[in-house]
Every structure is written in C-alpha cells, then in structure tokens.
Amino acid sequence: MSSKPPLHAAHGPLAGPALSLPVSIAIEGKCCLLVGGCNQALLKARLLTKAGAILHVFAYAGVEQELLELTSHSGGTLNLFDPHVDLLDAVRKSQWLDSGILCVVALQDNSVATKIAAFCTEQKLLINVVDSPSLCSFTFPARVDRGSLQIAISSSSRVPVLSRFLRQKIEALLPFEYGALNELATEFTPIVAKALPDKQLRRRFWEAILDGPVAELVFSGRIKQAKTKLRRMLENHLDTSLEGEVFLVGAGPGDPELLTLKALRLMQLADVVLYDRLVSTEILELVRRDAKRVYVGKQRAEHSTSQEGINDLLLKHAIAGERVLRLKGGDPFIFGRGGEEIEHLAQHNINFQVVPGVTAASGCACYAGIPLTHRDHAQSVRFVTGHLKSGSPDLPWHEFVDAHQTLVFYMGLVGLPEISAKMIEHGRAPETPAALIQQGTTKKQRVVSGTLAGIAALAKQHKIQAPTITIVGSVVELREKLTWFTPNDQVE
C-alpha cells in the first residue's frame with residue numbers, strides 16, 4: 001500500500017477561520033455606488049475613481065468639494081439629500097442599480113448601513129461596509145502603489161493594523177520605479193511572446209530581465225537604454241535552448257524560517273518539485289505557485305516512490321529542459337540519500353546545485369533546549385541512523401559507550417527498545433539521560449525525556465510517532481534550564 005501525500009489545504013477539522021480570496025476587480029468604465037459623504041467615503045472615492053469607476057454618490061448635503069469633483073470627473077452623479085431622507089429608499093429608486101457592479105457604504109448609522117448592505121446583496125452587487133467586515137462581500141486591502149503595479153495585503157479584515165504595518169515594510173523595500181518596470185514589461189510582452197513561443201523559455205527570459213541589468217537601468221531612470229538592452233538580450237535568447245538543472249535543497253526540520261535565502265530563491269525558480277513527507281505544508285507553500293508538484297514521500301516499509309524511481313524522475317524532468325527542485329526534509333546529505341541522487345545526475349551529465357539545510361539533530365535539539373555539545377558534558381556528537389538497509393540497527397555499539405559523547409539517532413523510533421538494550425549491554429550506563437523529540441521546530445513539537453533504560457517505555461506511554469529523533473547523553477539534563485521553545489502540546 002502506497003503512502004499518501006500530506007494534505008496541503010485548509011479544510012477539515014484542522015482548518016482555521018475562513019480566509020478571504022485576494023482578487024483584482026476591473027471597474028474601469030463601470031458604475032459603482034457610494035453611500036455616504038464622510039471622510040471614509042472620500043477615501044474610498046479616491047480609490048474607486050483612480051481605478052476608472054463611474055461613481056454615483058448618495059449622501060446628505062454638506063460633503064467636501066473634493067468628493068464633488070471626483071464624482072464629476074468620473075462621469076457619475078452626486079445625489080445630495082436633506083437629513084430626513086431615507087438613503088436606503090434613495091438607493092432603491094436609483095436608476096444605476098442594474099448597471100452597478102459594487103456598492104460601498106460609509107455611514108455612521110450602522111442600522112441604515114446594515115439595511116443598505118442587505119438590499120445591495122439581494123441586487124447581486126458586491127458590497128463593502130466601512131468598519132463592518134461581517135457585512136462585506138469584499139474588502140479593500142492595504143495597498144502598495146507603484147503606478148500600474150499594485151500590491152495588495154489582506155488580513156481578511158481581522159487585523160487591519162497588521163496589514164498597514166506590513167505595507168510600510170514593503171513600501172521601504174520596493175523602489176518606486178517598479179511601476180516603470182511594469183510598464184516596460186507590458187510594452188514588450190507581445191513582442192517577447194511572438195519571439196519566444198515556448199512558455200518555459202519565455203519565463204526564463206523574463207526572469208533574467210526583471211532581476212538583472214535591464215531592471216537596474218529602469219531603476220536608475222534610463223528607460224531608453226533599458227529598452228535597447230532588452231532587445232539585445234531577446235536576440236541572444238532566440239538561440240538559447242532550454243537546459244535542465246536539478247536543485248537539491250534541504251528544507252530543514254519544519255520551521256520555514258530556518259530555510260536559507262538560497263533555498264528560498266531556488267524554490268521560486270523551479271518548474272517541477274519533488275518533495276517528501278517531511279516537508280511541512282508551510283514550506284511547500286513557498287514554492288512557485290505554478291510549479292508542478294510530485295509527492296515522492298517515503299517512510300519506513302512504505303514507499304510511494306522508490307529511490308531508483310526518484311532518481312529516474314529527476315533525470316527525466318532535467319532532460320526535458322526543466323528546472324527540478326528536489327525538496328528534502330532536514331539536510332540532503334545527512335541520511336537524506338542526496339549523495340545517491342546527485343551521483344545519478346552526474347553520471348548523465350546533468351547540472352545540479354546542492355543547498356544544505358538545518359539537519360534535524362541541530363534544529364530539533366536547539367528548539368528542545370538541548371545543546372549537542374557542552375564543555376562540561378560532551379566534547380563530541382555523533383549522528384547515527386537507527387534504520388539500515390538490513391531493517392535492523394546493526395551498529396558499532398562498542399563505540400557508543402563514551403559518557404562525554406552525545407548520540408543522535410535518526411529514524412530509530414521503531415528500533416528504540418533494541419537500541420537502548422544494545423547500548424546498555426555494551427557498557428553505556430542505564431541512567432544516561434535520553435530524550436525523544438517529535439516533529440521538532442514545529443508548532444506540534446513534543447519532547448519526552450528520561451533515561452536510556454526507560455526511554456522506550458516512555459515513547460510507548462506517550463504514543464510518540466515519527467518523525468522523531470532520539471538524543472542520548474548528559475546534555476539532555478540541561479533541557480529544563482535552556483528550553484525556550486514551548487508549543488502548547490509540549491510533553492514534559
């Protein structure tokens with residue numbers, strides 16, 4: 001029976017509150033209704049008219065002059081009423097209801113706003129009620145404005161202050177000239193599409209443009225030179241065939257913030273992603289959205305794809321000219337069989353890159369508050385696989401008796417009773433401290449500590465499951481003093 005890929009979607013009993021879907025609405029030349037004349041209404045009018053909306057405003061007399069001007073310039077109408085007039089009734093009688101696509105309500109009277117929202121919803125209009133997210137079918141995200149390039153940030157109306165805070169961060173990172181770069185790319189898009197009909201080749205060309213000398217010329221205001229450079233690069237690219245490459249990337253033990261910058265960059269370049277079961281959902285979400293994902297998860301005695309099959313898949317996609325991301329939990333060269341994979345690639349002259357990752361021993365021990373070495377406890381550390389090709393931990397037990405050596409066992413949960421017994425049999429003290437770390441560095445991390453003699457029983461008692469590493473040595477004693485990462489379900 002094959003193992004199944006992890007569920008990388010937010011549904012089922014583990015799902016959190018519903019999230020809004022960030023989309024862009026084309027409203028140029030379309031009728032939009034705005035109910036209210038307060039400052040919030042004016043802010044929304046600026047956004048709507050900038051996007052080309054024809055604005056029809058319903059408000060009480062006394063609105064600011066700017067709102068009148070925005071409405072007039074949009075080709076819409078400003079409908080002003082006496083305070084005793086029911087705005088809901090005015091909206092009902094509006095001749096623009098049938099042609100309108102959305103309505104924004106900015107009123108201090110929440111009861112009236114609620115009624116207008118209900119009516120507009122019945123009329124199949126998108127509705128936004130300022131400061132009342134529960135009444136909205138759409139919301140206005142925080143925006144980073146770079147001319148024709150717009151970046152939207154949404155917290156699904158839960159914490160708008162956070163969205164604005166992130167907007168400030170992004171504003172500081174992105175040059176204002178990104179709008180000009182977007183205009184240049186828009187101008188050349190049909191030219192490039194005609195010259196490079198192959199989708200992958202075209203995407204790689206644009207990647208070289210948007211993160212290279214052409215972009216730098218635009219950022220420095222030299223648009224004419226940028227266009228000349230782009231044309232030359234396009235001419236050179238016409239003779240370029242797709243060359244496949246494999247990125248062997250260590251995803252670390254689970255926490256996405258432990259990824260290296262290089263790992264993140266290559267994850268965004270890949271056309272195809274081969275990932276295993278130890279790659280967390282959060283990390284997989286950082287891969288380029290349109291990349292093809294292939295689950296090749298492996299666990300004890302249950303392989304969805306054999307190692308030979310994985311090797312062949314890497315080769316197949318690379319020969320086809322694709323950039324292949326082999327995303328592996330932990331570090332690819334520490335019990336990750338990365339060496340076997342690149343050996344296969346090298347035999348077939350396939351280009352590859354290897355990006356190290358934080359291995360489970362280092363990451364999990366750190367998050368559990370266990371230093372693998374310590375001047376007073378351990379002067380060396382040894383990584384050991386608890387599962388060999390033979391299916392049993394046939395290890396050099398006599399080398400594991402040094403009390404000043406920390407041992408870290410990978411994939412040793414099933415064989416833990418035998419591992420403990422063999423170590424004691426060969427001279428390691430039964431009272432030697434030992435710890436189990438399940439799903440280390442993640443929010444689901446669990447830690448159980450005890451002695452070498454009793455750790456297997458504790459694993460059974462607490463129903464510890466893979467992926468779990470085992471740490472043996474006196475450094476485990478330091479956990480109570482040094483633990484800093486304590487998720488809610490941490491086991492003591």
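Strand 8 (residues 245–250) runs parallel to strand 14 in this predicted model, and five bridges join the pair. One of these contacts puts Val-249 opposite Val-355, its bridge partner in strand 14. Both strands belong to an open five-stranded sheet with parallel pairing, in the order 10-9-13-8-14. Strand 10 (292–295) and strand 14 (351–355) each have a single partner strand, so one side of each is left without a neighbour in the sheet. On average, neighbouring strands are turned by 20° against each other, direction ignored. Helix 12 (residues 307–319) packs on this sheet, touching strands 8, 9, 10 and 13; its direction makes about 155° with that of strand 13.

Now for the charged side chains. The whole structure holds 19 salt bridges, including these:

| Salt bridge | N to O distance |
|---|---|
| Glu-171 and Arg-146 | 2.9 Å |
| Glu-341 and Lys-328 | 3.2 Å |
| Arg-382 and Glu-399 | 2.5 Å |

Glu-341 sits in helix 13 (residues 338–347) and Lys-328 in strand 13, so their bridge ties together parts 13 residues apart in sequence. Glu-341 is buried at 1% relative accessibility, and Lys-328 is buried at 3%. Glu-171, in helix 5, reaches Arg-146 in strand 6 (residues 142–146), 25 residues apart in sequence. Here Arg-146 is buried at 2%, while Glu-171 is partly exposed at 22%. For the third pair, Arg-382 is partly exposed at 27%, and Glu-399 is partly exposed at 34%.

Helix 5 (residues 160–173) also contains Val-161, which is exposed at 53% relative accessibility. Val-161 joins Val-159, Leu-162, Phe-165 and Leu-166 in a nonpolar surface patch of about 430 Å².

Notes: Residues numbered from 1 in each chain as written. Predicted model: local features only at pLDDT ≥ 70, side-chain atom pairs only at ≥ 80, totals over all residues. Heavy atoms only, no water. Pairing = 2+ DSSP bridges. Helix = DSSP H or I, 4+ residues; strand = E, 2+ residues; numbered from the N terminus. Axes fitted to C-alpha atoms, helices over the stretch in contact; angles between N-to-C directions. Contact = heavy atoms within 4.5 Å. Patch = residues over 30% accessible without salt bridge, like charges linked within 9 Å, V, L, I, M, F, W, Y side chains within 5 Å. Areas by Shrake-Rupley, 256 points an atom, 1.4 Å probe, with all protein chains shown as cover. Salt bridge = Lys/Arg side-chain N within 4 Å of Asp/Glu carboxyl O. Buried < 20%, exposed > 50% of the residue type's maximum accessible area, 1.4 Å probe, protein only.
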